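Let's take a stroll through a protein model and look at how a few of its helices sit against their surroundings. Have the 3D view ready and follow along.

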Amino acid sequence: MSDNDNKQIVLPFSINVRDLADKLEASPIQVIKVLMANGVMASINQTVDFDTAAVVASELGFEPELEQVAEDAKQEDQGEIPLWRQTIAGEKEKDLKPRPPVISMLGHVDHGKTSLLDAIRQTNVAGGEEGGITQHIGAYQIDHKGRKITFLDTPGHAAFTSMRARGAQGADIVVLVVAADDGVMPQTREAANHAMAAKVPIIVAMNKMDLPAANPELVKRQLSEIGLVPDDWDGDTIVVPVSAKKKEGLDDLLEAILLVADNQKIEANPNGKILGTVVEAELDKTRGVMATLLLQNGTIKVGDTILAGKALGRIKAMFDYRGERITQAGPSTPIVVMGLNDVPAAGDLFRKVASEKDARAIVADLESREQTHSVARKTTLEDLFEQLQAGEEQELRLIVKADVQGSLEPIVNSLNEIGDKEPDVSINILHAETGNITESDVMLAAASDAIVVGFAVDADNAAERLAEKEGVSIRLYTIIYRLTEDIEKAIKGMLEPEMVEKVIGRAKVLAIFKVSKYSTAAGCRVIDGELRRNGKIRVIRNSEVVYEGEIGSLKRGKDDVREVREGFECGVSLKQFHEFEEGDLLECYVIEQQKF
């Protein structure tokens, strides 16, 4: 076949072997053989990148071309592209139809999110069944002037950001609920920052307007200070006065939602690929796994096999938000399904697969890749310069926590000044607040690929565990200029990796043995962690360090060993210390690069 006879083929950034074979009109075996000939060992369900797929396509007589994504998808970080935009990327323009907008309500505790949701639900629920919703699920739909609107009834911005961290966009529009008598509170700012980091349009519902202490002008000024300038102040944030208690202003709020939705061009293909998000899931003792799903694209039916995270199964039954049995559902429809083999996590993406066998193969491949790459590579200050040089990153996203407002303001101002001085990188402070670093801060960082910096604060234990799991970098400082200096050095490529000491084990000296005329060894029991041959050691006597140095030898019986774990006895000799005493404590430690 001559080059002129080669057929053009468009391939995505990544594709699994089975789909590649279908596109090339070849058998999967053929494709696997070509891959093996080029030194790539891949199974039928394994994903390969464009370059690898292009080699296969060329050898099978095609001219491969990289699939072009929408311009806004190129410019935005993948985690920040709204899910509806991701799902329609492969759909043809003529097949797209408007779908109901998905709304998430965020705000400070006690400002009336739940009351407002209940008021909208009771006033507008289709059918108006007695007693409102017959069962509580994490999402529901209303009709307003012949148009549907879907609301996510989630606990708050942590759930919203958790979805985003897993690849889903929490909603198309955020309604930020602010009490007119209380104004903008710390949680209000935090929720607004989570929504702005997600690049989701924000509408403010100014609740509790019926109270005598309501002060709408003060609230508008406070909103302006956090970057949400009201539309009647020549800004672009719609602020709607409402009263959940008296059910006033609800129609205005719904009109505002539809107005913003119309500007968003929220679309999906009802006949396209089935994709969506898990809103919540639980294990029911009598009915098995009950998962609340929000469909974003396509039409799902009873009998379809779906994969949600690592949970999979054939849909045995499907219910709408009222608990009524249905057989199919379209885009933006909240549904409850039965049939999954496990409980998926809120925020997991789900999709339709051909069979349970295929789903199990995908899960096995996913688990295999997770073992190889246990933690996704995240931005750290140490590798920021390399990413800048490679053109991978033009923005440093930060979450800043400080002990008091008097420290926070100069830190934020200094960081903004650094960003203004550097033409190659912008500094984007997603959230700045006083107080210790929390799980919510880490979740926002994970979703936005940001770094958390703290001044004169600590990180909660739960936040540290989550940071370790998600690969989020946390850096703590006690001197302001060190913080700003590190950011500046990172941008200029001058920051050295931060090395920290990590205690890995402790042992108690039980007896002393003469090894030679000039040296002794300590017979010890490891009481915590482990002793390592390549670790450093310090000898502690009466709470004072009497020696610090290197291990000469580590033995179990007569054998030299590399490590001895908790509960076992061993013999230890040190390179330049021989004056052991019974009862001495040996502390083993290593110096390693700080992970977070």
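## Two sides of one helix

In this predicted model, start with helix 15, which spans residues 461-470 and has A463, L466 and A467 buried. Why do these residues end up on the same side of helix 15? They cover an arc of only 105° around the axis, so they share one side of helix 15. There's a handy rule behind this sort of pattern: an α-helix has 3.6 residues a turn, so residues three or four places apart point the same way.

Now turn to the other side of helix 15, where N461, R465 and K469 are exposed. And what covers the buried residues of helix 15? Among the covering elements are helix 14 (439-448) and strand 26 (474-477). Right after helix 15 comes G471, and its phi is positive, near 75°.

## Two helices that cross

Next, jump to helix 2 and helix 3, which pack with their axes 10 Å apart at an angle of about 110°. An angle from 65 to 115 degrees counts as roughly perpendicular, and therefore that is how helix 2 and helix 3 are described. Their crossing is right-handed.

Here's who makes the contact between them:

| Helix | Residue range | Contact residues |
|---|---|---|
| Helix 2 | residues 28-37 | V31, V34 and L35 |
| Helix 3 | residues 50-59 | T52, V56 and E59 |

Sort the residues in this contact of helix 2 with helix 3 by class, and you get 4 nonpolar, 1 polar and 1 charged.

Notes. Residues are numbered from 1 along each chain as its sequence is written. This is a predicted model: local features need pLDDT of at least 70, side-chain atom pairs count only at pLDDT 80 or more; totals for chains, interfaces and linings use all residues. Side-chain values use heavy atoms; hydrogens and water are left out. Buried means under 20% relative accessible area, exposed over 50%, partly exposed in between (1.4 Å probe, protein chains only). Helices (H or I, at least four residues) and strands (E, at least two) are DSSP runs, numbered from the N terminus. The arc is that of the directions from the helix axis to the C-beta atoms. Contact means heavy atoms within 4.5 Å. Axes are lines fitted to C-alpha atoms, for helices over the stretch in contact, and angles run from 0 to 180 degrees between N-to-C directions. Angles under 35 degrees count as roughly parallel, over 145 as roughly antiparallel, 65 to 115 as roughly perpendicular and the rest as oblique. A crossing is left-handed if the near helix is turned anticlockwise from the far one by less than a right angle, and right-handed if clockwise. Ala, Val, Leu, Ile, Met, Phe, Trp, Tyr, Cys and Pro count as nonpolar, Asp, Glu, Lys and Arg as charged, and the others, Gly among them, as polar.
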